[in-house]
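Reader: I would like to go through this model with you, beginning with its charged pairs. Could you set out the terms before we start?

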Amino acid sequence: MKTLLGYLIFSLMLLSLTTLSLGQTTAAEEAKHHFDRGIVAIDSANSPAGYEEAIREFEQALKLVPNWADLYYNLGLVQEKAEKYDAAIKSYRQYLKLAPQADDAAQVMRQLNKLEDILEETARQQQVPSLLEGEWK
């Protein structure tokens, strides 16, 4: 009787692990599908706004597999092309957080610095007209 009970418990544990594993595989496969659709969207984009579909697909993939480092890198690239520099910076930072020893980590850091410079320059340019506003005598 004890052996039968032990066998049943083992079988249930094995079944639940198999089900869990199958669920993860499905999520990974679905994430890969969204990733592939994002790549197709990139190929057809011809303006910053054209990258929106790729961004949506990559974000869908990340909902399914949130620790996919390379996906954050690719999302950052597309966000940069869409001129969404704040979002690109966040994606690149998340990539470096998940893959700090990546071969391209130094290159990604340089890209982060470049984007931060772009944002600072944009902010400076937007402040200049406001300084000139007001009453002139």
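Author: Certainly. A salt bridge here is a side-chain nitrogen of Lys or Arg within 4 Å of a carboxyl oxygen of Asp or Glu. Please bear in mind that this is a predicted model.

Reader: How many salt bridges does a search of the whole structure find?

Author: The search finds six salt bridges. Among them is the pair of arginine 37 and glutamate 57, whose closest N and O atoms are 3.1 Å apart.

Reader: Which helices do arginine 37 and glutamate 57 lie in?

Author: Arginine 37 belongs to helix H1 (residues 2-44) and glutamate 57 to helix H2 (residues 52-64), so this pair ties together parts that are 20 residues apart in sequence.

Reader: And glutamate 57, buried or exposed?

Author: Glutamate 57 counts as buried, because its relative accessibility is 5% and the cut-off for buried is under 20%. Its partner, arginine 37, has 41% relative accessibility and therefore counts as partly exposed.

Reader: Staying with H2, what does arginine 56 form a salt bridge with?

Author: Arginine 56 pairs with glutamate 53, and the closest N and O atoms are 2.7 Å apart. The two are three residues apart in helix H2, which means that about one helical turn separates them. Arginine 56 is partly exposed at 46% relative accessibility, and glutamate 53 is also partly exposed, with a relative accessible area of 32%.

Reader: What about glutamate 121, which residue does it pair with?

Author: Glutamate 121 forms a salt bridge with arginine 124, with 2.9 Å between the closest N and O atoms. Both lie in helix H5 (residues 105-132), three residues apart, so they are separated by about one helical turn. Glutamate 121 counts as partly exposed at 34% relative accessibility; arginine 124 is partly exposed too, at 43%.

Reader: Changing topic to H4: what span should its 14 residues have?

Author: At 1.5 Å a residue, helix H4 (residues 85-98) should span 20 Å, and its end C-alpha atoms are 20 Å apart, which agrees.

Reader: Which residues of H4 are buried?

Author: The buried residues in H4 are Ala88, Ile89, Ser91, Tyr92, Tyr95 and Leu96. They lie on the same side of H4, because they cover an arc of only 165° around the axis.

Reader: Then which exposed residues does the face turned away from that buried side carry?

Author: That face of H4 carries Asp86, Lys90 and Lys97, which are exposed.

Key:
Residues are numbered from 1 along each chain as its sequence is written. This is a predicted model: local features need pLDDT of at least 70, side-chain atom pairs count only at pLDDT 80 or more; totals for chains, interfaces and linings use all residues. Side-chain values use heavy atoms; hydrogens and water are left out. Helices (H or I, at least four residues) and strands (E, at least two) are DSSP runs, numbered from the N terminus. The expected span of a helix is 1.5 Å times one less than its number of residues. Buried means under 20% relative accessible area, exposed over 50%, partly exposed in between (1.4 Å probe, protein chains only). The arc is that of the directions from the helix axis to the C-beta atoms.
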